[in-house]
Amino acid sequence: MFKETLLPHSETAALKELELENEHGAVLRVLNYGARITGWYPAVDPEKSIILGYQNVADYLQDEHYLGAVVGRTAGRVERGEMDIGDDVYALSLNEGEHQLHGGAGGFSQVLWDYAYKETPQALELHLTYLSEDGEMGYPGNLTVRVTYALDKHSDAVTFSVRAVSDKDTWCSLANHAYFNLGAGEDTHILDHELKAPALSVLELDELLIPTGEVISASDTLFDITTQKPLRDMIGSDNEQIIFASQGVDHFFILDPSQVKKIELTDPGTERRLKIETTEPGAVVIHPRS
């Protein structure tokens, strides 16, 4: 079932929450603003979303944490906002001091996306599209982006896929910026969740959370998550890398290409497990301490 709701707001026209609900009883809700997931409700607990979100939709318009958003053109930080392509250097829009974060102040998380629904034998699909014009936030090329959220018809599973095509050489690295909590009660602490992935190494960060170019082996370190590790074992550590991330973690984990590139987050209290698979070389795991 597809459903959409026109939301009251003060700054953005035609702001809508788009809903997919399957026969299993699972629900996915997405804003056309920033292609943001506002709620993912498993069938077993339809009143509690496993995605962190705001109660008041107006808060998304002022959001500084990119909750549930698709971020880009470039997810992460671009040092000094300088992008080199061949012999050309492009000056990107800056929004974090001297650097660019998540595509700039007018990045994909801050714009309205067009959308369409599609039902297949396997899933309910929501397709969101956006044209990022040549020069937007300093990037070259007209970039056409399509994001698809597909809710499986018979389970809680959601597939997130992205396709982007540019008419010029450019940078494009998109991500969904959702925060998860799998616990059932209000007292559930995310630090009790356990993380597992076939991580070989992580990218070293400087104090501004910009990769230095160095790679840190994860083996026998606090970044070793090849077996289930409570987040508490990483967060708050006196390790320099954790200190740089404000006593949290905000690192790119390079995954073993010889294994299924799957990241698992488990809540021991409910035994709920979130499994995320990627086609990319790795994934960023972010958990700010506060």
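The exercises below, each with a worked solution, explore a predicted model.

**Exercise 1.** Find which residues of the largest nonpolar core touch the most other members, and which strand gives the most to this core.

*Solution.* Begin with the core itself, which holds 47 residues, and in which Trp113, Leu128, Tyr149, Leu195, Phe223 and Phe253 touch the most other members. Next, turn to the strands, where strand 12, covering residues 143–152, gives the most to this core, with five residues. Then take Phe253 and set aside its neighbours within four places in sequence; its contacts include Phe223, Ile225, Ala199 and Val202, together with Pro281, Gly282, Ala283 and Val285. Finally, note that another core, of nine residues, lies apart from the largest one, with Leu31, Tyr33, Val57 and Tyr179 among its residues.

**Exercise 2.** Decide whether Gln100 is buried or exposed, and find which side chain makes a polar contact with the side chain of Gln100.

*Solution.* First locate Gln100, which belongs to strand 9, made of residues 100–101. Its relative accessibility is 0%, and because buried means under 20%, Gln100 counts as buried. The side chain of Gln100 makes a polar contact of 2.5 Å with the side chain of Tyr139, and a polar atom of the Gln100 side chain also lies 2.9 Å from the backbone oxygen of Ser93. Beyond four places in sequence, the residues that Gln100 touches include Gly76, Arg77, Leu92 and Met137.

**Exercise 3.** Determine whether Arg272 and Asp250 count as buried or exposed, and describe what surrounds each of them.

*Solution.* Arg272 lies in strand 21, residues 272–277, and its relative accessibility is 17%, so Arg272 counts as buried. Its side chain is joined to that of Asp45 by a polar contact of 3.1 Å, while the contacts of Arg272 away from its sequence neighbours also include Val44, Ile50, Leu182 and Leu265. Asp250 is found in strand 19, residues 249–255, and with a relative accessibility of 18% Asp250 likewise counts as buried. Although 35 residues separate Asp250 from Val285 along the chain, their C-alpha atoms are 5.7 Å apart, and Val285 is one of the residues in contact with Asp250, as are Arg77, Leu205 and Ile286.

**Exercise 4.** Work out how much space lies in the second largest pocket and how the residues of its lining divide.

*Solution.* The space in the second largest pocket comes to about 160 Å³. Among the residues that line this pocket are Leu61, Asp63, Tyr66, Asn95, Gly104 and Gln110. Sorting the whole lining gives four nonpolar, four polar and three charged residues.

Terms used
Residues numbered from 1 in each chain as written. Predicted model: local features only at pLDDT ≥ 70, side-chain atom pairs only at ≥ 80, totals over all residues. Heavy atoms only, no water. 1 Å grid on protein atoms, 1.4 Å probe; cavity = no way out; pocket = protein on both sides within 12 Å on 5 of 7 lines; lining within 4 Å. Points joined across faces, edges and corners; volume = space filled by probe spheres on them. Nonpolar A, V, L, I, M, F, W, Y, C, P; charged D, E, K, R; others polar. Core = buried A, V, L, I, M, F, W, Y, C linked by side-chain atoms within 4.5 Å. Buried < 20%, exposed > 50% of the residue type's maximum accessible area, 1.4 Å probe, protein only. Helix = DSSP H or I, 4+ residues; strand = E, 2+ residues; numbered from the N terminus. Contact = heavy atoms within 4.5 Å. Polar contact = N/O pair within 3.5 Å; in protein donor to acceptor, adjacent residues only side chain to side chain.
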